Structure formats: structure tokens, C-alpha cells
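Visitor: I should like a close look at a single part of this structure, with attention to how the aromatic rings and the strands around them are arranged. Please treat it as one connected account.

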Amino acid sequence: GATNTYSEVSYGKLNFELQPTFKWYRMSKPSTAYAPLTKSFLTHRSYIQEAINLADADIDFSGADGFLIIANPDANGIGNSGPAFSALTGLGISVDGKTLNNGATSSYDINNWGSIWVNHEMTHTMGLVDLYASTKGGGNDYWDYHRYVGQFGYMGFSDFKGNAPSLFAYERWYLGWIDDSQIICGVSAVSQLLSPVEQPGGVKAIMIPLSSTKERVVESRRPIGLDSHIAKSGALVYIVDSSKQSGMGPIQVYPSDLSNDPKYLQAPRKTGESVTVEGYKISVMDSNADGDLVNVEKAG
């Protein structure tokens with residue numbers, strides 16, 4: 001499933017190959033001794049190194065670029081945090097004459113997510129950050145922790161049953177899966193047909209800089225593939241702020257009426273609808289199977 005998801009969001013540009021070993025290895029301590037896996041970088045690395053060493057007798061790691069370590073899904077003592085592992089040079093996992101700097105480890109919560117968990121964690125190793133909130137905001141329920149993007153993007157709410165779990169156009173562009181030629185950038189006013197981000201080809205986004213680290217982005221969303229459950233099609237507007245750390249709102253979807261729409265199900269704009277963000281008015285002039293015709297202008 002993870003391979004199929006990567007093929008879809010990369011428009012076939014990423015071939016994610018898994019080489020599974022169908023064997024359990026007995027760690028030296030009870031699962032609770034390793035929990036939480038997010039305790040510190042050093043304790044996480046120690047857990048990984050022990051598991052890799054156990055498996056090394058059966059696996060040739062010399063041709064690997066990364067790793068996935070799956071804990072027994074029934075082991076609730078391992079906790080509910082199975083993080084990615086991304087190490088700086090010299091701090092990775094040593095095995096078979098090489099160093100592995102990227103990978104991921106599972107915990108008990110893998111029971112909730114299925115294969116999209118792999119995509120979330122391994123995409124961290126490619127450079128993308130968490131879009132859910134790492135700190136509590138002003139809300140009183142679960143969705144407070146998804147107050148930045150709701151159910152958009154698997155780097156936030158990672159669930160195949162979510163509203164629209166495929167990656168944002170900005171994230172795909174960042175990873176090189178959308179070309180510069182498919183982005184309209186640096187304009188103060190433009191009318192442009194945006195092709196649905198779920199399909200290859202066409203112009204994928206309008207990006208209007210606010211500063212050296214912040215920009216407005218407009219893209220088109222449709223009920224295709226991973227986004228087949230999307231509640232509302234249309235032009236999605238959001239702010240990207242690369243000065244904000246993972247879990248602190250580096251992407252913020254608009255409009256943000258969290259009291260009535262905490263999952264951002266109604267965030268995409270359809271024909272005749274508009275939203276004003278940071279001094280610019282973004283209006284949808286027409287929508288059809290080809291995408292959304294969007295008009296961007298400075299707010300009067």
C-alpha cells in the first residue's frame with residue numbers, strides 16, 4: 001500500500017521498494033523499557049541499533065537506503081508514538097559497512113493507520129514536517145491538534161478514510177514531483193486554470209510570496225485517488241511559513257472557521273466563492289473536470 005501511495009502522490013516519479021523480512025526478533029528488554037520511542041534521540045537510536053543488529057544475520061543491509069522496524073502490533077507497552085529516524089552525519093545506524101541515516105519505527109498506534117503510516121514517517125526522512133499541532137491550542141477536543149490543516153494532507157491527519165490525505169501541491173513541488181514550470185509564482189494579479197493536484201500535468205499552484213519565508217498558495221482539489229472521500233471540491237488556499245517548525249503550523253489552510261468546521265471540510269472554494277488572505281482576494285470563476293479557474297488580485 002505504501003508503494004502505491006508514493007506512486008500516486010509523486011505522479012509515478014518515486015519507486016518505493018520494500019524488501020520485507022517475515023521474521024520476528026526478540027529484543028533484550030520488555031517493550032515498556034523502550035517506551036516512549038520519542039523519549040530522546042539517543043534512546044531511539046539505541047532501540048534501532050539493537051533491532052538492526054538482531055536482524056543483521058539474515059539481512060544484507062549493504063544495498064539499503066533506509067529501514068522500517070515494525071514492533072509487534074499487539075505490544076501496547078511500546079506506546080503510541082512510532083517516530084521517523086533522521087540522523088545527522090556520523091549519528092546514524094552502523095551496519096554492514098555503511099551508515100543508515102533514515103528510517104522509521106512503529107508502535108501500538110500502527111493498528112489505527114495502516115500503510116499510510118509508512119508514507120507519513122518515511123516522508124519525514126525526505127524533508128517534510130508534521131502539519132498537525134504539537135501543542136494544545138484553544139480547543140477542547142481531538143481536532144484542536146489538527147487546527148492548522150484539518151483533514152488535508154497525510155503529514156497531518158494520516159488516515160485513508162480522512163477527507164483529503166494526499167500531499168499539498170507545495171509539498172509535491174518541494175520534493176521535486178511538481179516542476180517549476182507548473183507553478184505560477186511572484187505575481188500580484190493573475191487568472192489561471194489550476195489542474196487538480198491529484199492528476200499529473202497542467203499548472204498545479206499559484207504561489208504569491210509574502211516574505212522570504214512565507215507565501216500564499218492556491219491549488220485545486222478533486223475526489224480522485226487518495227482524496228476520493230473529499231467533502232467539497234474546489235480551490236484550496238493556504239499559507240506556507242517555512243520559519244515555523246514541525247508541529248507549529250508551517251502550513252495553515254484558509255478559511256479557518258474552526259468552531260463550525262474543525263476538519264476544514266468546507267475549506268475549498270467553488271465557483272462564485274472567494275476568500276481574502278493576507279491582502280489578496282482569491283476567487284473561483286469557474287470549475288469543471290479540468291480544474292478551477294482562479295482569479296487572484298490585491299484586495300481593494
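Guide: What follows describes one aromatic pair, the strands that carry its rings, and some further aromatic contacts. The model is predicted. A search of the whole structure finds 9 aromatic pairs. One of them joins F67 and F85, whose ring centres lie 6.0 Å apart with 40 degrees between the planes. The pair counts as tilted because its angle is neither under 30 degrees, as stacking would require, nor over 60, as an edge-to-face arrangement would.

The two partners come from distant parts of the chain, 18 residues apart. F67 belongs to strand 1 (residues 67–69), and F85 to strand 2 (residues 84–86). Both rings belong to buried residues: F67 has a relative accessible area of 5%, and F85 one of 1%. Each is classed as buried because its value is under 20%.

The strands that hold these residues each pair with strand 5 (residues 102–105). Strand 1 runs parallel to strand 5 and is joined to it by 3 bridges; strand 2 pairs with strand 5 in the antiparallel sense, also over 3 bridges. A104 of strand 5 takes part on both sides: L68 stands opposite A104, and A104 is likewise the bridge partner of A84.

Turning to other aromatic residues, W113, Y142, W143 and F157 form one aromatic cluster. The ring of F168 has a charged neighbour instead, with the charged end of R221 sitting over the ring at 5.2 Å from its centre.

Key: Residues are numbered from 1 along each chain as its sequence is written. This is a predicted model: local features need pLDDT of at least 70, side-chain atom pairs count only at pLDDT 80 or more; totals for chains, interfaces and linings use all residues. Side-chain values use heavy atoms; hydrogens and water are left out. Rings of Phe, Tyr and Trp (its six-membered ring) pair if their centres lie within 6.5 Å; planes under 30 degrees apart count as stacked, over 60 as edge-to-face and the rest as tilted. Helices (H or I, at least four residues) and strands (E, at least two) are DSSP runs, numbered from the N terminus. Buried means under 20% relative accessible area, exposed over 50%, partly exposed in between (1.4 Å probe, protein chains only). A charge sits over a ring if NZ of Lys or CZ of Arg is within 6 Å of the ring centre and within 35 degrees of the ring normal. Two strands pair if DSSP finds at least two bridges between them.
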